[in-house]
Amino acid sequence: MFSETLRQSLDLSIFWEYRQTLLVGLLQNVYIFFASAALAMALAVVVGLARLSKRFWVRGLSTFYVELFRNTPEFVLLIWVYYVLPILLSRLLATQFNLSPFLAAVLGLGVAYSGFMSETVRAGIQAIPKGHREAGTALGMRDGAILRRIVLPQALRRMLPEMLSQLVSLFKATSIVSLIAVPDIMYQVSMVNVEQMRPLPLYTGAALLFCLVIISATQMIQILSERWRRRGWA
């Protein structure tokens with residue numbers, strides 16, 4: 001019985017049969033990943049810098065932002081952004097407001113992971129010795145130029161390992177966007193399963209595909225990072 005179950009779970013012929021449909025779904029995951037990663041990193045830089053502000057109220061607001069979105073499950077954020085946010089905006093703007101599932105997924109995941117990434121940004125910037133900033137000041141550089149030309153390039157090298165781990169987690173989190181009707185690979189798998197009633201090979205194939213994409217992307221980024229460091233770009 002166990003061997004038969006194992007054989008069925010490893011028989012991925014049905015996954016191959018529906019490969020075009022499932023590939024279209026996977027592309028949705030990729031699109032959401034890149035869009036939400038861009039949003040998360042942009043917000044992370046702003047919030048990370050705000051955490052280092054000399055103004056108490058700026059630090060307080062940024063700390064509240066980080067703790068709120070780091071400790072709220074992605075599932076809850078997706079549901080809230082897709083169902084609750086349009087209601088609030090509709091009442092605020094006195095007009096009908098809707099969010100597409102794709103946009104809601106990007107906003108939900110982007111905001112969620114910006115909380116984690118902002119702490120990585122803050123730690124990376126704080127790791128740069130103060131003497132480097134003081135040297136820039138001595139040369140007559142403005143604060144913005146010091147940050148852009150001295151601090152961030154060095155901080156980015158320190159942030160890379162942790163940032164890579166967070167990006168991997170973000171891509172894995174795209175597997176839950178089907179909860180708000182995004183036609184991603186898990187949504188397509190569930191639709192095929194309704195028709196074929198073969199969950200084992202379908203979900204096994206989806207898991208293996210996620211692993212393949214993540215491992216390939218991770219290896220490629222690590223190779224590029226090593227080349228980047230050897231050339232002294234950070």
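1. Salt bridges are a good place to start. This is a predicted model, and the structure holds three salt bridges. One of them is between the side chains of E119 and R51, with 3.0 Å from N to O. E119 belongs to helix α6, while R51 sits in the loop between α3 and α4 (56–70), so this pair ties together parts that are 68 residues apart in sequence.

2. For the overall picture, the protein chain has ten helices and zero strands. Following the sequence from end to end, you will read the pattern α-α-α-α-α-α-α-α-α-α. Along the principal axes, the C-alpha atoms fill a box of roughly 75 × 55 × 30 Å.

3. Before looking at helix pairs, here is a helpful reminder. Two packed helices are described by the angle between their axes and the distance between those axes. Both values appear in the next two points.

4. How do α3 and α6 cross? Helix α3 covers residues 19–50 and helix α6 covers residues 101–126; their axes come within 6 Å and cross at roughly 40°. That angle makes α3 oblique to α6, because angles under 35 degrees would count as roughly parallel. The crossing of these two helices is right-handed. Sorted by class, the contact of α3 with α6 has 21 nonpolar, six polar and one charged residues.

5. Now compare the partner on the other side of the loop that holds R51. Helices α3 and α4 pack at an angle of about 135°, and their axes are 8 Å apart. The pair α3 and α4 is therefore oblique as well, since only angles over 145 degrees would count as roughly antiparallel. Here α3 passes α4 in a left-handed crossing, whereas the crossing of α3 and α6 is right-handed.

6. Which residues make the nonpolar surface patch of about 360 Å²? They are L23, L27, Y31 and F102. Helix α3 gives the most to this patch, with three residues, and F102 lies in helix α6.

7. If you are new to this model, α3 and α6 are a friendly pair to view together. Their axes come within 6 Å, and F102 of α6 joins L23, L27 and Y31 in the nonpolar patch. Helix α6 also carries E119, the salt-bridge partner of R51.

Notes. Residues numbered from 1 in each chain as written. Predicted model: local features only at pLDDT ≥ 70, side-chain atom pairs only at ≥ 80, totals over all residues. Heavy atoms only, no water. Axes fitted to C-alpha atoms, helices over the stretch in contact; angles between N-to-C directions. Helix = DSSP H or I, 4+ residues; strand = E, 2+ residues; numbered from the N terminus. Parallel < 35°, antiparallel > 145°, perpendicular 65-115°, else oblique. Left-handed = near helix turned anticlockwise from the far one by under 90°. Nonpolar A, V, L, I, M, F, W, Y, C, P; charged D, E, K, R; others polar. Patch = residues over 30% accessible without salt bridge, like charges linked within 9 Å, V, L, I, M, F, W, Y side chains within 5 Å. Areas by Shrake-Rupley, 256 points an atom, 1.4 Å probe, with all protein chains shown as cover. Salt bridge = Lys/Arg side-chain N within 4 Å of Asp/Glu carboxyl O.
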